[in-house]
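Please open the model in a viewer and keep the sequence panel beside it. The stops below proceed by selection, each followed by what is to be found there.

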Amino acid sequence: GSHQAGKLRQGTASLSPLPDVSAGNGCGHTLLTPHSGTLSSKNYPGTYPNHTMCCWRLQAPLGTSLLLAFGDVDLEPSEHCAHSSLLLADPQTGTAYGPYCRNSVPSAPLLVTNSSTVTVLFNSSSHRSGRGLLLSYATSQHPGMGAASPGMQRHPWEVPDPPLTMCFSVYCPAGCKDIHGDIWGNPSQGYRDTSVLCKAAVHAGVIADELGGQVTLSREKGITLYESAVANGLRSKRGSLSEKRLVFHKVCCLLSPACDNVLEVVAFNASSWWHEVNALGQDRAWVAERAALSTTGHSWAAEPGTEAAWLELDLGTRRNVTGIITKGSSEQHNYYVTSYHVSSSRDGKNWRPYRGSSGQEDKVFEGNADSQGEVSNAFIPPMVARYIR
């Protein structure tokens, strides 16, 4: 598909290497891809430091143009923005935008360029206040973009409030996972409507943060309490009643309600298992079959000291696998897995490592931080396989 190029190692938004695509000591959180991205000044939303600069070079695929959204521009005011400034330049047309600061803000929250290349330059001198800047961008292929700014404030790429339960679609830029802002709730019950929309979409597993993408959601009636959850490298908060909530919909679920069903595992296998003998001389086998999430009592555990241990699931036939949920074992021991790789096979002999949407290297999934809670991770894109390790 159109997203196969992925992000390049230096954070460039180009399809070929470019020098100094993100350079300087004033750069904050930055994720740039060929189709969308997010960038911010250092320390955002805290006060940006004195005497810094950052230059970002954005380049979209040929034949497309860039759309930039000003999520937040809060630079200390000065005459002609001399103390701190944001300047954008379009080298293809020779057009410049800015300089911008608090007393000279952009005339519109959305900048539509006619260029596939834009340079973003941020400078600061001595100052006392200012959050700095937060920008997001997309190409002209994705005009309906969701808020990268904290909360659900009105935003140039945010769809106006639809009636309750009506689905609408928003394009979320890459890089929303690590921007400032909170989310409340979880994928099964939905999210408090004050949550950062695109950050919640990453938590829900409907987009991969390194690529962004189109999300479909609806605003439903709010609920009394939103429970926290750990999913896709993010922890949501526990939150109180809200008037409305955000519910994300996977496209396949609109066609097939069984999309999110738990798949049946026909058989478990493992590289090894622990044969425990307790202080009373009683035996207990932590065998592979005990790895099913619903199993009461102790779980599977590899032989102590084992290197590169693995657990294998046989689904009986080839299935479309959209994610995985893991949990530790608190049965007399505080055991859990903190990170893991995933491989898949169609015949049980030839294995293929899961590399996620970037496709560059084997994906490391963030596992559990204790033996009590469940942690979910989405496979974006899904995998088709009979065997999972």
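Begin by selecting Cys-176, which is buried, with a relative accessible area of 0%; buried means under 20% relative accessible area, exposed over 50%, and partly exposed in between, with a 1.4 Å probe and protein chains only. Cys-176 is in no disulfide, and the nearest cysteine sulfur, that of Cys-198, is 4.3 Å away. A disulfide here is a pair of cysteine sulfur atoms within 2.5 Å.

The model is predicted: local features need pLDDT of at least 70, side-chain atom pairs count only at pLDDT 80 or more, and totals for chains, interfaces and linings use all residues. Residues are numbered from 1 along each chain as its sequence is written, and side-chain values use heavy atoms, with hydrogens and water left out.

**The disulfides**

Next, select Cys-172 and Cys-198, which a disulfide joins with S to S 2.2 Å. Cys-172 lies in strand 11 (residues 167-172) and Cys-198 in helix 1 (residues 197-204), so the pair ties together parts that are 26 residues apart in sequence. Helices (H or I, at least four residues) and strands (E, at least two) are DSSP runs, numbered from the N terminus. This link of Cys-172 and Cys-198 is left-handed, with -80° about the S-S bond, and both cysteines are buried.

Move to Cys-81 and Cys-101, joined by a disulfide with S to S 2.2 Å. Cys-81 is in the loop between strand 5 (66-74) and strand 6 (84-90), while Cys-101 is in the loop between strand 7 and strand 8 (110-112). Their link is left-handed as well, at -75° about the S-S bond.

Now select Cys-27 and Cys-54, where the disulfide has S to S 1.9 Å. The torsion about the S-S bond is about 90°, so the disulfide of Cys-27 and Cys-54 is right-handed. Cys-27 belongs to strand 2 (residues 27-32) and Cys-54 to strand 4, 27 residues apart. The count comes to three disulfides.

**An open sheet**

From Cys-54, display strand 4 (residues 53-59), which pairs with strand 1 in the antiparallel sense over two bridges; two strands pair if DSSP finds at least two bridges between them. Within strand 4, Cys-55 is the bridge partner of Ala-23. Extend the selection to the open sheet, in which five strands run in the order 1-4-9-6-7 with antiparallel pairing. Strand 1 (22-23) and strand 7 (95-100) stand at the edges, each with a single partner strand, so one side of each is left without a neighbour in the sheet.

**Strands 20 and 23**

Select strand 20 (residues 267-270): Phe-268 and Ala-270 point to one face and are buried, while Ala-267 and Asn-269 point to the other and are not. Strand 20 pairs with strand 23 in the antiparallel sense over four bridges, and Ala-267 stands opposite Asp-314.

In strand 23, pick Leu-313. Its contacts (heavy atoms within 4.5 Å), leaving aside neighbours within four places in sequence, include Val-265, Phe-268 and Tyr-387. The C-alpha atoms of Leu-313 and Tyr-387 are separated by 5.6 Å, although the two are 74 residues apart along the chain.

**The loop before strand 23**

Finally, select His-298, in the loop between strand 22 (283-286) and strand 23 (311-326). Is His-298 buried or exposed? His-298 is buried, with a relative accessible area of 11%. A polar atom of its side chain lies 3.0 Å from the backbone oxygen of Ala-285.

Technical notes
Polar contact = N/O pair within 3.5 Å; in protein donor to acceptor, adjacent residues only side chain to side chain.
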